[in-house]
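Biologist: I would like to learn how to read burial, contacts and backbone angles from a model. Where should we start?

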Amino acid sequence: MDAQVDNSTLWQPDSWYDAGLQTEAQSLAVRSLDEALLKEAAGLRDKGHGDLLTYSRKVFIPLTHLCRDVCHYCTFAQTPRHLDSPYMSAEAVLEQVEVAASQGCKEVLFTLGEKPELRYNAARKALQSMGYESTVDYLASVARMVSDQTALLPHINAGCLDDEELQQLRGVSASMGIMLESASERLCQKGMPHYGSPDKWPATRLSAIARAGVAQVPFTSGILIGIGETRLERVESLLALRSLQQRYGHIQEIIIQNFRAKPGTLMSEAPEPDLDELLWTIAIARLIFGPAMNIQAPPNLSPGVLPQIVAAGINDWGGVSPVSPDFVNPEAPWPQLRKLEQETGLAGKQLHERLTIYPEFVRNYTTWLSPLMQRRVLALVDGQGLPRVDEWVTGAAAARLPALEVALLNNKSAANSATARIKRIVERATKAEALSEQDISCLFAARGSDFAYVCDAADRLRASINGDEVSYVVTRNINYTNICYFKCQFCAFSKGKLSENLRGRPYDLDDDEIRRRVVEAWERGAGEVCMQGGIHPDYTGDKYLHLCRLVKEAVPDMHIHAFSALEIWQGAATLGLPVDQFLLMLKEAGLGTLPGTAAEILHDDVRALICPDKINTQQWLATIEAAHRAGIRTTATIMFGHVDGYQHWARHLLELRALQQKTKGFTEFVPLPFVASEAPMYLKGKARRGPSFREAVLMHAVSRLALHGQIDNIQTSWVKMGHQGALHCLNAGANDLGGTLMNETITRSAGADHGEETGPAQMEALIESAGREPRQRNTLYETVSEKRRAQSMEAAELRAVQLTQPGKPARLGGDLVRNG
């Protein structure tokens, strides 16, 4: 951001409107409102937004009704003698915001007149008495108070702001806005609606919008129709906004607002625009801005005709408040949300709440939000950038499953009304055709009937491949050390210099304890030990070879499922060996298979934020491919729901599919929802609180579809999902419940309640409760012998584990192996 900007270059009214734009404007202005226009506009909208139509649940806070401008149609602006107080008190604001929070609101819309202290002595005195120099200073203070004391996000409509004011307010708001209304200077002449209003002069208004672009503020603007402008002037106004959007990319929505005549104003007898004018303008706006832009029309200004408005090309209703009136249009009450949902449905669209900042800006939050607002926004959203609508949390025993998604999963008929686009993608997936990144992202965005359809299709596909069997493996997790010199921001397990405040103390298991756990696991029916740990600064590849030999000496028939791609890469590097050679040495020492962990998200943009010193995407893929070449099969995982988005999940699945086509080395795919509560990046406010329940279930369903024909086994983690959540995943594409574990440290360190052990008898009872057939398997999905199964069913109680206290690492310093 460049704080020093020459404002004279931001908007040059004599140079932007070139011959090409004039021709475009004239061509658009003469188009008729006909079926062809509406179809073109709706088609563009559907291309960019599908069947989703959004709104923001807000509270309207009129911080002051004083304004230095005198627009001839406005009843919002008042003079001091008509007001009890020039400004709302901070206490009154907070009281209303708290009421709004109890009603599920997430936006605080601060609307106020333009710089009233420049016109009214009463405003200046009021500000002085409160200790503020300007209205903007007071607004910034109140917005900060709202952000600090509530979860609601401020959206600020404070008029034309200078660079310093924009920076001041950007720090305490998620978005801002100013209606252009019109770019016509004619409307500022004597006798016209903007006469006497210096802040409505088009060059002033457009320069203010441009400054917001320079400041990287997510911004709202739009036009007011029916105040005396011509159709050509409307088009010119929209083209002016488009030129700013093309330059700065900061305009997140365009509002098409129809004028409503109000008693007591100079325009009280002026004719209001009819429905055709509104529909024409919406459609033209869609043509001008294309598929991606959010086009909005306020629903309270056009009751009874909302489906027609949808058909003209909007994809958003704007802010709707269950607790406060529209102070700008007080004669027009907000529609009830249930009624709005019904009318949206009649138009063939699905209503969904959004934040004041739109999803595409949320997904680029480091660019568009201040550090304070980043923390506030990440706490509220899902991977698409829309508000989470459930309270489910990964790994939490007390987390309630959301009623809507559970009902959709249990109601097969709900899938009947899925959209054509989702049906087309699913049909191709069930034929084992490779899906595109956009296709897979679309499946992750499925909601309502689309969600039900995707999950049902995945379940039917699972039944055709795996039948009604649900497999599980009796295993013991041995996390041999939690000391690690890598700095993964999602990990609460590893202990380094800065992690003493996280769960547990540092440990480094000795050989006797590892040997004891391996023997005990075998005696309790386990055929596998899963060994992973932190990357201890003293560990080299020799340590991993030693661990394999130790297990095989203790129990020769125990399958060793051990070491992530990071441990393989680091171990090879410390010995100065190629990865392929080191893998063969591990295999000779007894290694059977690798867990596909350390994959996290196979997208380097995400890895740069969550694990910058870890192996990158290509290194992970190369290490896993080398394992497959060596005849060592692996699982595949994804750890999702933190700073990632649906496009990253899609890319991850495509990377796995491509590698599996090449090697056929993956045994299963395991979704691992992010456990946030103790994770460093969540505690710092730099991550979401894990995926929503909808997203967690969809990861199983979408992976079943996207990996069809390549990976046949989809595992659900009862540790992450909980028993009931895992059962729902079994009805959404999953066919495996993973391991009994005996001990689990990594997920519990991150804050999960589940993880110690779900024994074989409990596993089988859980599977049978879902109407499915349990099958105890080994690591490679072969059915275990009845003798070993019976031994697992009669297992003795686990003995207490011993955590060996570590000595001081010898190599804390410069010779540690890291990526780059």
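Modeller: Start with burial: a residue is called buried when its relative accessible area is under 20%, exposed when over 50%, and partly exposed in between. Keep in mind that this is a predicted model.

Biologist: Is Glu625 buried or exposed?

Modeller: Glu625 has a relative accessible area of 17%, so the residue counts as buried. Glu625 belongs to helix α24, residues 617-629. Setting aside residues up to four places away in sequence, Glu625 touches Leu659, Lys662 and Thr663.

Biologist: What share of the chain is buried?

Modeller: Of the 820 residues, 62% are buried. The accessible surface amounts to about 30,700 Å², and carbon and sulfur atoms hold 50% of that surface.

Biologist: How does the radius of gyration of the chain agree with that of a compact globule?

Modeller: A compact globule of 820 residues would have a radius of gyration near 28 Å, and the chain has 30 Å, which agrees. Along the principal axes, the C-alpha atoms fill a box of roughly 95 × 55 × 50 Å. The secondary structure consists of 31 helices and 18 strands. Among contacts with a separation of 6 or more, 78% join residues 24 or more positions apart.

Biologist: Now a helix. Why do buried residues in a helix tend to recur at certain spacings?

Modeller: The general idea is that an α-helix has 3.6 residues a turn, so residues three or four places apart point the same way. For a case, take helix α11, residues 337-346, where the buried residues are Leu337, Leu340, Glu343 and Thr344. Viewed down the axis of α11, these buried residues fall within an arc of 125 degrees, so they line one face of the helix.

Biologist: Which residues are exposed on the other side of α11, and what covers the buried ones?

Modeller: Arg338 and Leu346 are exposed on the other side of α11. The cover over the buried residues includes β1 (52-64), α10 (306-311), β8 (316-320) and β9 (350-354). Just after α11 comes Gly348, with a positive phi of about 80 degrees.

Biologist: Which residues other than glycine should I look at for a positive phi?

Modeller: Gln216 is one of them, with phi near 55 degrees. Gln216 sits in the loop between α7 (202-214) and β5 (219-225). At 25% relative accessibility, Gln216 is partly exposed. Phe563 is another non-glycine residue with a positive phi, about 75 degrees. Phe563 is in the loop between β13 and α21 (565-575), and at 0% relative accessibility Phe563 is buried.

Biologist: What does Pro595 contact, beyond its neighbours within four places in sequence?

Modeller: Phe563 is among the contacts of Pro595, as are Gln532, His561, Ala562, Ser564 and Thr635. Pro595 is in the loop between β14 (591-594) and α23 (604-610), and with 4% relative accessibility it counts as buried.

Biologist: How far apart in space are the C-alpha atoms of His559 and Glu528?

Modeller: They are 4.6 Å apart, although 31 residues separate them in sequence. His559 lies in strand β13, residues 559-562. Besides Glu528, His559 is in contact with Gly527, Val529, Gly592, Thr593 and Thr779, leaving aside neighbours within four places in sequence. For another pair, Pro595 and Gln22 are 573 residues apart along the chain, and 62 Å separates their C-alpha atoms.

Biologist: And how many charged side chains are there?

Modeller: The chain has 85 positive and 97 negative side chains, and the centres of the two sets are 2 Å apart.

Conventions:
Residues numbered from 1 in each chain as written. Predicted model: local features only at pLDDT ≥ 70, side-chain atom pairs only at ≥ 80, totals over all residues. Heavy atoms only, no water. Buried < 20%, exposed > 50% of the residue type's maximum accessible area, 1.4 Å probe, protein only. Helix = DSSP H or I, 4+ residues; strand = E, 2+ residues; numbered from the N terminus. Arc of directions from axis to C-beta. Contact = heavy atoms within 4.5 Å. Rg over C-alpha atoms; globule rule 2.2 N^0.38 Å. Areas by Shrake-Rupley, 256 points an atom, 1.4 Å probe, with all protein chains shown as cover. Lys, Arg positive; Asp, Glu negative; His and termini not counted. Charge placed at Lys NZ, Arg CZ, Asp CG, Glu CD.
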